[in-house]
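Work through the following exercises with the sequence and the model side by side, and try each task before reading its solution.

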Amino acid sequence: MTPFFDPARETLPADALRAYQWERFAALARAVFPANPFITRQWRSVGLRSAGELRGWDDFSRLPLTRKAELVEDQTAHRPFGSNLTYPPERYVRVHQTSGTTGTPIRWLDTPESWDWWARCWGFVLRGAGIGPGDRVFFPFSFGLFIGFWAGFEGARAVGALAIPGGGQDSAQRLATMEALGATAICCTPSYALHLAEVARDRGVKLDTLGVTTAVHAGEPGAGIPSVRARIEAAWGARAHDHAGMTEMGAYGFECAAQAGLHVNESEFIAEVIDPVTGAPAREGELILSNLGRLGSPLVRYRTGDRVQVADGPCGCGRTFLRFEGGILGRVDDMLIVRGVNVFPSAIEGIVRRFPEIDEFLIEVYRRAEMDEVRLLLEVGEGDGRHLPVAVQEVVRVELGIRVEAVPVPAHSLPRYELKARRVVRRTGG
Ligand SMILES: [Zn+2]
């Protein structure tokens, strides 16, 4: 089986890829600028009078950036779906909504064509992870308004795999379903993969001989953190692949068999990286995305709020698509400043996950004497974990240069997540 979903496009030389993107973008601009009130307003604000005035990448870079707050404002002003609609409402057949973990949820509509486009984008994700005909992909997910696994489910069809829905079951039932139906792959958040591993261990289920050889992780970044990945792979006896996507944007990032960072699907998206403060192009900074196949509800130059670092050199897999070192490194705005030192929660997670005895953790941030302080709550599963808090504190001090307080908490006392883990909590007072 070829490792590519679209061999010709995934290996296009850089110039040809840029030309192909431009052709797609110009077609999108011609369709949406006259018809989509949100885009019309936005582009007119920088003086554009017709889509034909967009002649090349310089013109593209003068289009305004789109902020999430604008989408929220627009949907508040034009309920319930906002004005970023190119066609009349009756042309749309799917509605989804963001999880709202970082603010007001936003809703997004898709046409039959853009829903097919979602499946196509997921085709790159699943085939990149080596999934194809003969695979049975399990989706341990309660199918609600969140888009991620719905689209993944469609993607399984796009690569010819059997899709197994895992809604309406608890974790133990899901393990039994996977065994009964011979699942070969699983698609879930990294947190949930670790949680299932914990449930399997507690019930004496041998996860690493279950037959699942591939895991694709969506909904949260974690799988790009080496210690998280190693832990999932050891527990499942499977290869874990990172994936990135957003309800309002699409499924844009995937990891190939080389597991060398997150590829951007540049045949369906345009990616830019900017310094979040100055807006200048950068190798490390905020990811700006535009999608090319969602004409009914497009997003152009969207500030994702995700921090990435562009990888050097070509990937061993042969794809020419852009690649981000270590996947999504964190949110631009979730950086903690602990006694003057900048720390991303993902760096703390990277350390905690190296300790196999720690099942779950929580980062508490609180203010003391006008300074951010961090307390790590560590939940120890098996064995004697008395030495762990001191050991974790020491690695954090050496590698990140900050002092944190680490305290043990009872087994099963911290929350578990099927979707969008929230392991950073701001407390008032100490
Ligand atoms: Zn690759």
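Helices and strands are here DSSP runs, a helix having at least four residues and a strand at least two, and they are numbered from the N terminus. Please keep in mind that the structure is a predicted model.

**Exercise 1. The zinc site**

Task: Find which residues coordinate the zinc ion, and work out what arrangement the four donor atoms make.

Solution: Begin with the donors, which are Cys-256 (SG), His-263 (NE2), Cys-315 (SG) and Cys-317 (SG), at 2.1 to 2.3 Å from the zinc ion. Along the chain these donors follow the spacing C-x6-H-x51-C-x1-C. Next, place two of them: His-263 lies in strand β9 (residues 262-264) and Cys-317 in the loop between β12 and β13 (323-324), so the pair ties together parts that are 54 residues apart in sequence. Then turn to the angles: four donors count as tetrahedral if all angles lie between 85 and 135 degrees, and because the donor atoms around the zinc ion subtend angles of 106 to 113 degrees, the arrangement is tetrahedral.

Task: Decide whether His-263 is buried or exposed, and do the same for Cys-256 and Cys-315.

Solution: The cut-off for buried is under 20% relative accessible area. His-263 has 0% relative accessibility, and therefore counts as buried. Cys-256, with a relative accessible area of 1%, is buried, and Cys-315, with 9%, is buried too.

Task: State how many disulfides a search of the whole structure finds.

Solution: Recall that a disulfide is a covalent bond between the sulfur atoms of two cysteines. The search of the whole structure finds zero disulfides.

**Exercise 2. The sheet and the nonpolar core**

Task: Describe the order of the strands in the open sheet of eight strands, and find which strands lie at its edges.

Solution: The order is β4-β3-β5-β6-β7-β8-β9-β13, and the pairing is mixed. The edge strands are β4 (162-165) and β13, since each pairs on one side only. Looking inside the sheet, strand β5 (residues 185-188) and strand β6 (residues 214-217) pair in the parallel sense over four bridges, and Cys-187 stands opposite Val-216 in β6.

Task: Find which helix gives the most to the largest nonpolar core, and which residues Val-137 is in contact with.

Solution: The largest nonpolar core has 52 residues, and those with the most contacts inside it include Trp-118, Trp-122, Val-137 and Val-216. Helix α6 (residues 112-128) gives the most to this core, with eight residues. Leaving aside neighbours within four places in sequence, Val-137 is in contact with several residues, among them Ile-131, Leu-162, Ile-164 and Cys-187.

**Exercise 3. Loops and backbone**

Task: Determine where Gly-318 lies, whether Gly-318 is buried or exposed or in between, and which residues Gly-318 touches beyond its sequence neighbours.

Solution: Gly-318 lies in the loop between β12 and β13, and with a relative accessible area of 37% this glycine is partly exposed. Not counting residues up to four places away in sequence, Gly-318 touches Glu-10 and Thr-11.

Task: Locate His-412, and describe its phi angle and its accessibility.

Solution: His-412 is placed in the loop between β19 (405-409) and β20 (424-427). Although His-412 is not a glycine, it has a positive phi of about 60 degrees. Finally, exposed means over 50% relative accessible area, and so His-412, at 53%, counts as exposed.

Terms used. Residues numbered from 1 in each chain as written. Predicted model: local features only at pLDDT ≥ 70, side-chain atom pairs only at ≥ 80, totals over all residues. Heavy atoms only, no water. Core = buried A, V, L, I, M, F, W, Y, C linked by side-chain atoms within 4.5 Å. Buried < 20%, exposed > 50% of the residue type's maximum accessible area, 1.4 Å probe, protein only. Contact = heavy atoms within 4.5 Å. Disulfide = S-S within 2.5 Å. Donors = N, O, S within 2.8 Å, 3.2 Å for Na, K, Ca; no water. Tetrahedral: all angles 85-135°; square planar, octahedral: opposite > 155°, others 65-115°. Pairing = 2+ DSSP bridges.
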